[in-house]
Amino acid sequence: MTKIKIEFPKLEDAEAIQNVFYKSWLDTYPNDKVGITIDDVEHWYKDAWEEKLNKLRSRINNPPENQSFFIAKDGDNVVGVCRIMKHADKNQLQAIYVLPDHQRRGIGKLLWDRALEIIDPSKNTIVQVATYNTKAIEFYKKLGFEDTGKRFSDEHFRMKSGAIIPEMELEIKAQNFE
Ligand SMILES: CC(C)(COP(=O)(O)OP(=O)(O)OC[C@H]1O[C@@H](n2cnc3c(N)ncnc32)[C@H](O)[C@@H]1OP(=O)(O)O)[C@@H](O)C(=O)NCCC(=O)NCCS
C-alpha cells in the first residue's frame, strides 16, 4: 500500500467519494433479518446518483460552516471519507467510510486521528450506527466510544422495500479525551 494521504476534497473527487459511500453501503447494509435488500441499496444510490452527486459537489464548493469533510487517498484513488459535524453542545462523527477492499489497513484510524484535530475536546462526541453493523461498532469501541443505550430509527433511512435501518448511539465523553 502506498502512503495514505488525508486531505480536503476537490470537486473532481466527487464521483470517487460517492463511489466509496455506495460500495460501503452495498457491503454493509443489506440484512435479511431487518429486511434491507441489495435492491434497496441500489435504489438508494444508483437511482439517485446524479442528485446525490450534485448535492455532494455543492457541499464541496460551499462547505457548511459547522461541518468538516475530508478524504483518504491511496495514490490518486479516494479510499475513505469522513464527515464531522460540530453542534453547539456536542461533536458528531457523521460518516466514516472506507472502501471494502481497503478496510482493516488502518485507514479508518487515520481518518479518526484527523477528526481528533478538528473536534472540540471539551464536548462529548457521538456517532450513530446501524445496530447490526458489527464491524463499525467494534471499530468505534476500539477508538473509545461506548454504547449510550439509545436505540432509534430515522424515517430518512426508510428503504424502498419499507424496511428501515435500526440505529444505536455511541459516545465518547469529553473527559475521556486525553
Ligand atoms: C468501520 C470502518 C470505517 C473501519 O475502517 P478500517 O479502515 O477498516 O479500520 P482500521 O483498519 O483503522 O481499524 C482500526 C481498529 O478498529 C478495529 N476494527 C476495525 N474493523 C474491525 C472489524 N471488522 N472487526 C473487529 N474490529 C475491527 C480493530 O481493532 C482495528 O485495529 P486492528 O486492525 O489493528 O485490529 C470500515 O469497516 C467501514 O468503512 N465500514 C463500512 C462503512 C461503515 O459501516 N461505516 C460506519 C457507518 S456509521
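The following questions and answers concern a predicted model, beginning with its sheet and ending with a pair of helices.

Student: In what order do the 7 strands of the open sheet stand?

Tutor: The pairing within this open sheet is mixed. The twist averages 25 degrees from one strand to the next. Read across the sheet, the order of the strands is 1-2-3-4-5-7-6.

Student: Which strands stand at the edges of the sheet?

Tutor: An edge strand here has a single partner strand, so one side of it is left without a neighbour in the sheet. The strands in this position are strand 1 (4-7) and strand 6.

Student: How many bridges join strand 6 to strand 7?

Tutor: Strand 6 covers residues 146-158 and strand 7 covers residues 164-172, and the two run antiparallel. Glutamate 146 has glutamate 171 as its bridge partner, while aspartate 147 stands opposite leucine 170. The number of bridges joining the two strands is 6.

Student: Which residue in the turn of the hairpin has a positive phi?

Tutor: The hairpin is formed by strand 6 and strand 7, with 5 residues between them. A positive phi of about 105 degrees occurs in the turn, at glycine 162.

Student: Are helix 1 and helix 2 roughly parallel or roughly antiparallel?

Tutor: Helix 1 (residues 14-28) and helix 2 (residues 38-45) pack with their axes 9 Å apart, at an angle of about 165 degrees. Angles over 145 degrees count as roughly antiparallel. Therefore helix 1 is, relative to helix 2, roughly antiparallel.

Student: How many residues of the contact of helix 1 with helix 2 are nonpolar?

Tutor: Helix 1 residues including Phe21 and Trp25 meet helix 2 residues including Val41 and Trp44. The residues of this contact include 1 polar and 1 charged, and the number of nonpolar ones is 8.

Terms used. Residues numbered from 1 in each chain as written. Predicted model: local features only at pLDDT ≥ 70, side-chain atom pairs only at ≥ 80, totals over all residues. Heavy atoms only, no water. Axes fitted to C-alpha atoms, helices over the stretch in contact; angles between N-to-C directions. Helix = DSSP H or I, 4+ residues; strand = E, 2+ residues; numbered from the N terminus. Parallel < 35°, antiparallel > 145°, perpendicular 65-115°, else oblique. Contact = heavy atoms within 4.5 Å. Nonpolar A, V, L, I, M, F, W, Y, C, P; charged D, E, K, R; others polar. Pairing = 2+ DSSP bridges.
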